[in-house]
Amino acid sequence: MPRLSAFRASTAGLLTATLLACASGPAPPAREASPKPSLLGDVHQLSFQGRRAGEGYFSRDASRLIFQSEREAGNPFYQIYTLDLRSGQATRISPGVGKATCGWIHPGGRRALFASTHLDPEAPAKQDSEWALRESGKNRRYAWDYDPNYDLFSVPLDAPGPSVPQALTRTFGYDAEASWSPNGREILFASNRHAYAEGAQLDPAQLERDPAYFIDLYRMDSSGRNIRRLTDHPGYDGGPFFSPDGERIVWRRFSPDGATAEIYSMRGDGSDVRQLTNLGVMSWAPFYHPSGEYLIFTTNLHGHANFELYMVDTRGEHAPVRVTDAPGFDGLPVFAPDGEELVWTSNRTVSGQSQLFRATWNDAHARALLELPDKTGPQAAPLLPLPLHTDAEIREEDLRAHVEALSSDITEGRLTGTAGERIATSYVARAFRAIGLEPAGDGGTYFQTFGFTAGVSLGEGNRLEIRHGEAQNAQGVAPGAPSPPQSQAQAQAQSQAQAFKVDVDWRPFAFSREGTIASASVVYAGYGIVAPAGQNQRAIDHYAGLDVQDRWVVVFRYVPRNLSPESRQHLHRYSSLRYKAMLARDRGARGLLVVSGPNSRIRNEVAPLRFDVSLAGSSIAAVSISDAVAGDLMRGSGKTLAELHDQADSASAAVGFPLEGTLVSAQIELEQQRRSGRNVIGRLQMGPEPSMDFIVVGAHVDHLGRGEGASSLALEGERGAIHPGADDNASGVAALLEVAERLATGVADGELSGQRDLVFAAWSGEELGLLGSSAWVKGAADPHAEDGGLAQQVAAYLNFDMVGRMSEAVSLFGVGSSNAWPGEIERANIRIAVPILPQRESLLPTDATSFFNRGVPILAAFTGAHSDYHTPRDTPDKLDYASLRKIAELMSEIGLSVSALAVRPDFVPAAPGESNFGPSAIRVYLGTVPDYARGDVVGLALSGVARGGPAERGGLRAGDIIVEVAGRKIENIYDYTYALDALEIGDPVRIIALRGDRRLSLEITPISRD
């Protein structure tokens, strides 16, 4: 199998040994464990004859498959066969003598190409030797031998009787792995012929030992003339194929030592070389999808002998995506010419020997996973069809259909910037079009695209080194400055340098300075906190008496443990990672080293690389280090890390000190991950002409994907599962669509009219920080106007966010933003009669805030959080569609009424003290779910508690009102958030809660959120 020839003898031998071990006893074929919807369907074994078979390729008309198989009587080696896919008839087309491999059918369908050693005079003797070995009961360790007698041949197909192969190459050396160009005029192949050429400048012993090292890619005319060498790289280049348009070539390139291989592509002339994978394992056998937009390949990313199929886009911009999931070998994948089938080689057989397998291919799902546009139209069209029939009135059946579509597995949680988000927004856009809304996005479309930084990843070249010995130049060396002469002690310090593994032993923070951080000495500074005195709290300065100018500062994460909750609460605002970095920077430090320490009790010592939008970038290096690395730093201090942590946690912690004789240097490289999201905007014209001002009705369409970010509240066993977001916020988008359809139908029928148009918006990026609505507001506002000018355009904003699980009433937030709302709500609800809890608060963690901050009156519907909030359990079957219908009808009536008002609603600013709900930096987890619908309750009302969480285990229940935590009085959600800041992982805490007229005292033990 030449496309497997990338393996060195040892690697292939281990693989074969494993496969043979698997074949020691009959076993059923492995069952595919694919994602839903699956990329592969109707998986079945295609070939059965012979000892083994594999590496099959389709003819252009898909009527035949050419493949290699060990099934010839008297020959233990591979020969080339064609399989008629209509009749099932297999025909050998190679001579039957020697070895043959790598078949390919000409695009015209009349000839076939393969490599063979049948002209080798020693071919019969080699066959006899192999048979004798097998008959003796021994098995040769499998290794492709890169026989230098391989040459390329072609034969006519469908010719009567055996055909004499036409030799296309006759040069000593390995010529194989050949394929025709799409137009049939050229041939690509792999060869080490240059290594055997007279006068070749190489080590003959190396050629004898490792002939694959010298294999490169070649190109020639179909006649065998005009041979050109395309690559000249140390190590093995092989397995080349033309792209479907013939413009590029894909192949796999091995590292010089043969230990790893990656997928590459280049132009047909050898220029513009691109590395498409960077997995650091054995990745090979790439093959283009007929669209040319992505390719499939083989890799052992999941284990030395566990080869799986993966796919990647042809620009290498998306991380490779797994296709198969079965033990053993799955490799050498090939698409059918129409892209609807896949054939590959697998040992998922009863015998454990490789045979050809065949399956249908889900191109649409592949494109969704790789975030590629659909090749024939909007991405979601074939994936997420609109309901066939919807009624003009707001109906429960229609709401359910929209919720089920938007929260289906196809959208994969609708994370902003992913294919799932595009599928969902495409669905909404097609619904807007069907409803009759006019496009109100960019360039006459329904979409408004916005860019954002989705995260930060590690770049190449990250390095952290610690040197022990006599400190050199305690002030360090400025970047770019010439190095001073080295003393013997300095040389000794350098000789003791120890490098640590990034992403394992250490990891930079997202806000760290990048580049080379020159070697500098280190100062220990306890927790690195500087805080003023507070009520019954003494002032703290862990930098007192320390000179950290041009030095690294090592500090503990969080706050001292053995303090009262009140003291830890006081210190919390001064203990964030960003705040500690700012303190170190302002004191002239070169870098900050943060260690969790043995007393922190967290699961992951090294802090995650999480992007912080508001504080990206810093002028100081800031990294998280493991306890082991910190222990190495401290080894010359005379104290262990545990001793220092105990001391730092005590109320009488000693001041810090320099770590004499210890130097640290680093190289920090980060890459921002830029993505784009998109809103869906449509406009309903209510009168004969477009109105100068209008009402915006919105709901966010995005959700959490598979819970990749910090917002997921999934339990440990749910990590990585799709968060469907049926209530949050497929329910809101469903209501939005039904309101739009009802009003658009009424306008079209002449039954409804108004003075102000309605703009309907499905926002994306809400879960990431109101990105989509903020982008729209920014684009619509006049930056020269005092309030941005948005209030002159937008008369009111109505919002749906989590409106599908009403227990007792729907909360309408923002009632205090306009004096018009109480009357409007009263009139609209006379007929509908839905229970309402009016809430004056207007600054909310939802898209309404983007408008309220610009002087626009808002009204936001919300039915409350629950124990399934931000988990994979937020599914469509749990929604109350009858109540959802009433809420949609209520907001529809309010929107229609405001459209007809002679005087637009006035705007009332926020009351003093009202503030936004900020992002949580709490590290403890209790599993409580606040009931925002009961915001007028003194204390924190709970709408639920997470199953199996600390709150449930401690006795808290839905409906309880928390009024005290660790002695701190709780009057609102802000008090509760601040109280959680002071809690310690693993330390029991006393919580007082009201349950009806009972006052409960409960003991709850927080666990780690990280």
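**Exercise 1. Helices α6 and α7**

In this predicted model, α6 and α7 are roughly antiparallel to each other. State the angle and the axis separation of α6 and helix α7, and derive this description from the angle.

*Solution.*

Step 1. Two packed helices are described by the angle between their axes and by the distance between those axes.

Step 2. Helix α7 covers residues 419-435, and α6 packs against α7 at an angle of about 150°, with the axes 10 Å apart.

Step 3. Angles over 145 degrees count as roughly antiparallel. The pair α6 and α7 is therefore roughly antiparallel.

Step 4. On the α6 side, the contact is made by Ala401, His402, Ala405 and Leu406; on the α7 side, by Ala424, Tyr427 and Val428.

Step 5. By class, the contact of α6 with α7 has six nonpolar residues, one polar residue and no charged residue.

**Exercise 2. Helices α6 and α18**

Determine how α6 and α18 pack, and which residues of the two helices meet.

*Solution.*

Step 1. Helix α6 spans residues 396-406 and helix α18 spans residues 881-900; they pack at an angle of about 100°, and their axes are 9 Å apart.

Step 2. An angle from 65 to 115 degrees counts as roughly perpendicular. The angle therefore makes α6 roughly perpendicular to α18.

Step 3. From α6, the residues Glu396, Leu399, Arg400 and Val403 meet Tyr881, Ala882, Leu884 and Arg885 from α18.

Step 4. The contact of α6 with α18 divides into five nonpolar, no polar and three charged residues.

**Exercise 3. The loop after α6 and a second loop**

Where does Arg414 lie, and is Arg414 buried or exposed? Carry out the corresponding analysis for Asp550.

*Solution.*

Step 1. Most residues other than glycine have a negative phi.

Step 2. Arg414 is not a glycine, yet Arg414 has a positive phi of about 55°. Arg414 is placed in the loop between α6 and α7.

Step 3. Residues under 20% relative accessible area are buried. Arg414 has 1% relative accessibility, so Arg414 counts as buried.

Step 4. Asp550, which is not a glycine either, has a positive phi of about 60°. Asp550 lies in the loop between β32 (540-541) and β33 (552-556).

Step 5. With a relative accessibility of 28%, Asp550 counts as partly exposed.

**Exercise 4. A cis peptide bond**

Which peptide bond, involving Asn729, is cis, and in which helix is Asn729 found?

*Solution.*

Step 1. Most peptide bonds are trans.

Step 2. The bond from Asp728 to Asn729 is cis, with omega near 0°.

Step 3. Asn729 belongs to helix α13, which spans residues 726-748.

**Exercise 5. Two alanines**

Is Ala628 buried or exposed? Is Ala510 buried or exposed?

*Solution.*

Step 1. Ala628 is part of helix α11 (residues 627-634). Its relative accessible area is 59%, so Ala628 is exposed.

Step 2. Ala510 sits in the loop between β29 (506-508) and β30 (515-524). Its relative accessible area is 11%, so Ala510 is buried.

Step 3. From C-alpha to C-alpha, Ala628 and Trp506 are 9.8 Å apart in space, and they are 122 residues apart in sequence. For Ala510 and Gly455, the corresponding values are 8.5 Å and 55 residues.

**Exercise 6. Nonpolar cores**

How many residues has the largest nonpolar core, and which residues have the most contacts inside it?

*Solution.*

Step 1. In soluble globular proteins, nonpolar side chains tend to be buried together. In this chain of 1010 residues, 57% are buried.

Step 2. The largest nonpolar core has 88 residues, and Met311 and Trp361 have the most contacts inside it.

Step 3. Beyond four places in sequence, the residues that Met311 touches include Leu39, Tyr294, Phe297, Val323, Trp361 and Leu370.

Step 4. Another core, apart from the largest, has 66 residues, among them Ile435, Met686, Trp821 and Leu890.

**Exercise 7. Confidence**

Where is confidence lowest in the protein chain, and where is it highest?

*Solution.*

Step 1. The chain has 20 helices and 51 strands. The average pLDDT is 85, and 87% of the residues score at least 70.

Step 2. Confidence is lowest in helix α1 (residues 9-22), with a mean of 30, and highest in strand β38 (residues 694-700), at 98.

Step 3. Over residues 376-382, pLDDT stays under 50, and the model has 17 contacts beyond four places in sequence for them. Over residues 471-495, pLDDT also stays under 50, with 33 such contacts.

Step 4. Where pLDDT is low, the predicted coordinates should not be read in detail.

Technical notes: Residues are numbered from 1 along each chain as its sequence is written. This is a predicted model: local features need pLDDT of at least 70, side-chain atom pairs count only at pLDDT 80 or more; totals for chains, interfaces and linings use all residues. Side-chain values use heavy atoms; hydrogens and water are left out. Axes are lines fitted to C-alpha atoms, for helices over the stretch in contact, and angles run from 0 to 180 degrees between N-to-C directions. Helices (H or I, at least four residues) and strands (E, at least two) are DSSP runs, numbered from the N terminus. Angles under 35 degrees count as roughly parallel, over 145 as roughly antiparallel, 65 to 115 as roughly perpendicular and the rest as oblique. Contact means heavy atoms within 4.5 Å. Ala, Val, Leu, Ile, Met, Phe, Trp, Tyr, Cys and Pro count as nonpolar, Asp, Glu, Lys and Arg as charged, and the others, Gly among them, as polar. A nonpolar core is a set of buried Ala, Val, Leu, Ile, Met, Phe, Trp, Tyr and Cys residues joined through side-chain atoms within 4.5 Å. Buried means under 20% relative accessible area, exposed over 50%, partly exposed in between (1.4 Å probe, protein chains only). pLDDT is the predictor's confidence in each residue, from 0 to 100.
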